[in-house]
Amino acid sequence: MARPGSGLLVPMNGVGYPPQNLARVVVWEWLNEHGRWRPYSAAVCHHIENVLKGDARGSVVLGQVDAQLSPYIIDLQSMHQFRQDTGTMRPVQRNFYEPSSAPGKGVVWEWENDNGSWTPYDMEICVTIQNAYEKQHPWLDLTSLGFCYLIDFNSMSQTNRQSQRKRRLRRRMDLAYPLIMGSIPKSQSWPVGASSGQPCSCQQCILVNSTRAASNAILASQRRKLYGGTAGNSGAPGTVGGVRQSNTFAGTSLWSPTSGSSGANHNNISVGGGQSKAEQVQSPLSSANFPCSPVMPSLSSSHGHHALTINGQNNLNRPGTQRISMGTTRGAIPPGVPALPVKNLTGSGPVHPALAGMTGILMCAAGLPVCLTRAPKPILHPPPINKSDMKPVPGINGMRRKTKKKHLKRGKNPEDVVRRYTEKIKVVPDEDCTICMERLAMSSGYEGILQHKGIKPELVGKLGKCGHMYHLLCLVAMYNNGNKDGSLQCPTCKTIYGEKTGTQPPGKMEYHVIPHSLPGYSECKTIRIVYDIPAGIQTNEHPNPGKKFSARGFPRHCYLPDNEKGRRVLKLLIMAWDRRLIFTIGTSSTTGESDTVVWNEIHHKTEFGSNLTGHGYPDPNYLDNVLTELSAQGVGEDNLKD
């Protein structure tokens, strides 16, 4: 039975939007590669707000407030975070919350990862957990928010409803997030490509971005039904007081529950897994808002509650979207009812789960029948292949590359590197150094913090290729925060000087041709790449030197078409491997595990015979996209020898 009071919608200003003349708490967030907005700490947000007050088009050096963020700079004009040592760019946004919410009180909810360290929840989830905690609920079901977890406040634990694995969680007090008054500006947030400044066109990113328009359409549909059909009767049972919308909805905004009267109806979706006991999932969808009776398999009424029972699995397993599933089996679909194959707990469908779910809700809201069915599983690997059938890739010597410890040497003199790529400026222009935020005519902001023989804090240099100017001491500081590999990357235009290398741990890369074709490339065979990196100990170039790092999911298999362009991409991937740019050690955005081997901003296709997850074929733009990503890492086609 669903926990009382867990399925309520919070009314805001009567129309689902926050008032524009009240105090709001500001939380700055960055977008990870899986489309989830991750919050910066309160201290970092205060620092960003202080810089924003002085110069809304300037840059924010995050290392000035948090040493662990020393490689990162936020460009307020383009609303992007730039990592100086890898060149990685990520969108950022400025989000707003109620002063009485968790960020306004300085409350942080965290869960314990495999390494025993603590990872904070997304801010929207943190707010939801804190609301339930303050109302003294014994537990909280996060299923309706896109996560199959049960929060138990008595034991302070998080339980995975599928695997039954438990993790500890904790509530700690921190600095409250900054508070602002007056009109709230419209936030900016948009994903971009690796170096062009244009939206990324890979299938993974397109699927994330595609949810935004559908989500806004759902909210608009709710408001029409809410205020068009229930005007003057807002207190009637079965109606909802309002719809909460985040100021910067980007496909991951969570709809918080709110309370009406004690006798208000709740709409519970019961999701069963085969013959197992049904689970009650609280949903903020009211029968007054979504008249779905034409497609409901069974409806029951008890004590003022309406329950929708589904005998299959929850077909929509995607964060930040509402779940609703119609139909039990393929045979039960009435003639003429459109069937949308969507992602389920054991497989994936060709329609993006969030988009399919939203389409289903919109059709249901319009009174149209719809049935979301289970889709086929993705084909991750080719049929079994004999070793004798694996052939060398034409035009490429060998079938294996290794990264050994002898490749990991560093030791370039920072002063020599900076002087090699810059020329001194005699007449200094009246503009800012975007690294330290001081005027170029003034001394570097690193004066007194960093001292180098022969480089005075007032010296200014111009980078040779792009012509951007900085304090020489600032460039030395930026170089020291990177890999110290003899290369520089302009923090403004991302132009690379020298040969950029990464922090990829030792491992091996194998590549060969297999006698099978990829979807969309039936005229040629397939190049298979196998990456294998073992777990080990982090070195001085990694986040936590001396600490163990894990390597999950290895060996990892990736695929390219065996044609001229595919072989060209392979040559560049081999070059990127030799420069240690394919992987790095960091925190997994999928599992939240820290100190583990993760991909380093170069997309790979890991699905062989389908494209149900967005990581497979056909994808006509993939080869061009990965060439662009490689070029952004300094591995361009001009590096290839004829």
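In the predicted model, C436 is buried, its relative accessible area of 6% falling under the 20% limit. This cysteine is located in the loop that runs between β21 (422-424) and β22 (460-463). Beyond its neighbours within four places in sequence, C436 makes contact with Q64, S444, G445, Y446, H471 and C474. The C-alpha atom of C436 is also 7.2 Å from that of V61, although the two positions lie 375 residues apart along the chain.

Helix packing was examined for α6 (residues 414-421) and α7 (residues 472-480), whose axes are 9 Å apart and enclose an angle of about 120°. The two helices are therefore oblique to each other, and α6 passes α7 in a right-handed crossing. On the side of α6, the contact is made by P414, V417 and V418, and on the side of α7 by L472, L475, V476, Y479 and N480. Of the residues in this contact, 7 are nonpolar and 1 is polar, with no charged residue taking part.

The structure contains 12 aromatic pairs. A pair of aromatic rings is described by the distance of the centres and the angle of the planes. In one of the pairs, the ring centres of W109 and F153 are 5.8 Å apart and the planes meet at 70°, so the arrangement is edge-to-face. Because W109 belongs to strand β7 (residues 107-112) and F153 to the loop between β10 (149-152) and β11 (157-160), the pair ties together parts that are 44 residues apart in sequence. W109 has a relative accessibility of 0% and therefore counts as buried; F153, at 10%, likewise counts as buried.

A further edge-to-face pair is formed by Y559 and F608, with ring centres 5.2 Å apart and planes at 65°. This pair links distant parts of the chain, since Y559 is in strand β30 (residues 556-561) and F608 is in the loop between β32 (596-599) and α9 (622-632), 49 residues apart. Y559 is buried at 1% relative accessibility, and F608 is buried at 6%. In addition, Y531, F554, W577, F583 and W599 form one aromatic cluster.

Backbone geometry was considered next. Most residues other than glycine have a negative phi, and most peptide bonds are trans. F554, a member of the aromatic cluster, is joined to P555 by a cis peptide bond with omega of about 0°. P555 is placed in the loop between β29 (548-549) and β30. A cis peptide bond also runs from Y617 to P618, with omega near 5°, and P618 is in the loop between β32 and α9. That loop also holds F608 of the aromatic pair described above.

Positive phi values occur at Q164 and D595, neither of which is a glycine. For Q164, phi is about 65°, and the residue is found in the loop between β11 and β12 (166-173). With a relative accessibility of 53%, Q164 counts as exposed. Phi of D595 is near 55°, and D595 is in the loop between β31 (583-586) and β32. At 5% relative accessibility, D595 counts as buried.

Notes. Residues are numbered from 1 along each chain as its sequence is written. This is a predicted model: local features need pLDDT of at least 70, side-chain atom pairs count only at pLDDT 80 or more; totals for chains, interfaces and linings use all residues. Side-chain values use heavy atoms; hydrogens and water are left out. Axes are lines fitted to C-alpha atoms, for helices over the stretch in contact, and angles run from 0 to 180 degrees between N-to-C directions. Helices (H or I, at least four residues) and strands (E, at least two) are DSSP runs, numbered from the N terminus. Angles under 35 degrees count as roughly parallel, over 145 as roughly antiparallel, 65 to 115 as roughly perpendicular and the rest as oblique. A crossing is left-handed if the near helix is turned anticlockwise from the far one by less than a right angle, and right-handed if clockwise. Contact means heavy atoms within 4.5 Å. Ala, Val, Leu, Ile, Met, Phe, Trp, Tyr, Cys and Pro count as nonpolar, Asp, Glu, Lys and Arg as charged, and the others, Gly among them, as polar. Rings of Phe, Tyr and Trp (its six-membered ring) pair if their centres lie within 6.5 Å; planes under 30 degrees apart count as stacked, over 60 as edge-to-face and the rest as tilted. Buried means under 20% relative accessible area, exposed over 50%, partly exposed in between (1.4 Å probe, protein chains only).
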